[in-house]
There are 2 protein chains.
Amino acid sequence: MIALQPGHETAQIPDIVIRRLPVYVRTLRDLHERGISSISSDDLAKHIGVTAAQIRRDLSYFGKFGKQGKGYDTAYLAETIASILGLDKQWDVALAGLGNLGRAIVRYRGFADESFNIVALFDHFADRVGQEVGEMTVLPDDQITKVIQERGIKIGIVAGPAAVAQSVADQMIAGGVQAILNYAPVVLKVPSGVTVREIDPVSALQSMTYYLGDHGDSHLDDQDTD
Amino acid sequence: MIALQPGHETAQIPDIVIRRLPVYVRTLRDLHERGISSISSDDLAKHIGVTAAQIRRDLSYFGKFGKQGKGYDTAYLAETIASILGLDKQWDVALAGLGNLGRAIVRYRGFADESFNIVALFDHFADRVGQEVGEMTVLPDDQITKVIQERGIKIGIVAGPAAVAQSVADQMIAGGVQAILNYAPVVLKVPSGVTVREIDPVSALQSMTYYLGDHGDSHLDDQDTD
């Protein structure tokens, strides 16, 4: 097993590769927990749903993993990729928008299980400000920038309606947020240096109906080719 | 304005292009509602967050839109793309998994607003079977295949835990589902002809921490380049 070669992380890695890495970590950790300590790129590819060539290409950005004929060490590779992604830290997160969706997000254990801790709640609407949700008090939008700055929060979740999403995002960014998970059905405009990921189930459904019935019989074999 | 050229839909269109189309529809409809009847590819690109070249390339798969120097007709282009995607129809949807997340999905109006109607609910756990959620009765998992077949449902949402997700998906597919929106943190194995989209907010967060702090200062300018 050859260790990660320092310096490789600073190369320009396509974002599509970065986006696949969490699935690698999750799959490799799951394999390790099931007692599988080593796996070939062919077998790993089957678990992840990409090709073995894709896996080798993705990992080549970060150094050299696996030995000829011996496969990947699942625990080592999982933790190395986790460390590259910064998942070996705890991350504070601010959430804006406490409607049904926002409340479900606060209740959701999946974030905290993976070291993302929602520590501040904001809402645009006066009737929600002051409410207690998940043992936190909902604060008004005009405190977003100040609180985020004071607490050094780098990650924001936008769960409010489309009409207020851009304003909320702007205030988060003014406070120092550099990564936004956006549930609002709107394309956020953000400055260089800020990353946005959209959670957009409606668009996801809408992009699948193309493949149904008489809307083209072309099939999707590889959802994530770059 | 030149109409869509028949036959273009059957060409092999990259899935990454199909995935962008719902955002085109949403943006163009929004522009039209705001009284903007025509827009240049440069301006449309700014609204969508891609380059003008990308827009021209994406649309070229479907024929020829827009006239030199006149821009795109927002209403016409929105409805043409909507029709290509099959969004001019109503779609029945089956949902499996009625925990917090599943219940929030049933309550969510965004799907019905866009012609996706959740018409059948299933759960693996006996204590949830028989409950009423959104005026529907939760059915047991062993009825998934039968009900989906009888009602001709083509779209399924998997909102249950990772441990039951594959089994639920298999039963949906056996009933005739060809498109699955998967909220479970697991890569579903599906046969050729079935499309899956993952809704995976944890992975989305995990793929952004790479860009925070000392985890690489490379910036993400174009999230969706193909």
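This report walks through a predicted model with two chains, A and B.

## Overall make-up

Chain A holds 9 helices and 9 strands. Its 226 residues include 43% that count as buried. Many contacts in chain A span long stretches of sequence: among those between residues at least 6 apart, 59% join residues at least 24 apart.

The domain assignment splits chain A in two. Domain 1 covers 8-85, and domain 2 covers 91-205. Taken over C-alpha atoms, the centres of these two domains of chain A are separated by 30 Å.

## How the two chains are related

Two copies of a chain are related by a rotation about an axis and a shift along it. Here, a rotation of 180 degrees superposes chain B on chain A. The shift along the axis is 0.0 Å, and the RMSD is 0.0 Å. The two copies are therefore related as by a two-fold rotation axis.

## The interface

On chain B, 59 residues are in contact with 59 residues of chain A. Several elements of chain B give two or more residues to this side, including helix 2 (41-48), helix 4 (74-85), strand 8 (179-182) and helix 9 (201-206). Helix 1 of chain B gives the most, with 7 residues. By type, the side of chain B that touches chain A divides into 29 nonpolar, 21 polar and 9 charged residues.

Which surface does each copy use? Of the interface residues of chain B, 100% are also interface residues in chain A, so the copies meet through the same surface.

## Helix 1 of chain B

Helix 1 of chain B has 19 residues. At 1.5 Å a residue, it should span 27 Å. Its end C-alpha atoms are 28 Å apart, which agrees. After this helix comes B:Gly35, whose phi is positive, near 90 degrees.

## The nonpolar core

In soluble globular proteins, nonpolar side chains tend to be buried together. In this model, the largest nonpolar core has 134 residues. Those that touch the most other members are A:Ala94, A:Val158, A:Ile180, B:Ala94, B:Val158 and B:Ile180.

Take B:Ala94 as an example. Leaving out residues up to four places away in sequence, B:Ala94 touches B:Ala120, B:Phe122, B:Ile148, B:Ile153, B:Gly156, B:Met172 and B:Val177.

## A buried glycine in a loop

B:Gly97 sits in the loop between strand 3 (91-96) and helix 5 of chain B. Is B:Gly97 buried or exposed? B:Gly97 has 27 C-beta neighbours inside 10 Å, and the cut-off for buried is 20 or more, so this residue counts as buried.

Its contacts, not counting residues up to four places away in sequence, are B:Gly102, B:Asp123, B:Val158, B:Ala159 and B:Gly160. One of these, B:Val158, also appears among the core residues that touch the most other members. B:Gly97 and B:Ala184 are 87 residues apart in sequence, but 9.7 Å apart in space, C-alpha to C-alpha.

## Two residues with positive phi

Most residues other than glycine have a negative phi. Two residues of chain A go the other way. A:Ser115 has a positive phi of about 75 degrees. For A:Glu135 the value is about 65 degrees, also positive.

Both sit in loops. A:Ser115 is between helix 6 (110-113) and strand 4 (116-123) of chain A. A:Glu135 is between strand 5 (132-133) and strand 6 (136-140). Their surroundings can be set side by side. A:Ser115 is partly exposed, with 17 other C-beta atoms within 10 Å. A:Glu135 has 6 C-beta neighbours inside 10 Å and counts as exposed.

Terms used: Residues numbered from 1 in each chain as written. Chains lettered and ligands numbered in written order. Predicted model: local features only at pLDDT ≥ 70, side-chain atom pairs only at ≥ 80, totals over all residues. Contact = placed C-beta atoms within 7 Å. Helix = DSSP H or I, 4+ residues; strand = E, 2+ residues; numbered from the N terminus. Nonpolar A, V, L, I, M, F, W, Y, C, P; charged D, E, K, R; others polar. Least-squares fit on C-alpha atoms with pLDDT ≥ 70 in both. Domains from an automatic or database assignment. Expected span 1.5 Å × (residues − 1). Core = buried A, V, L, I, M, F, W, Y, C linked by C-beta atoms within 7 Å. Buried ≥ 20, exposed ≤ 12 C-beta atoms within 10 Å, placed from the backbone.
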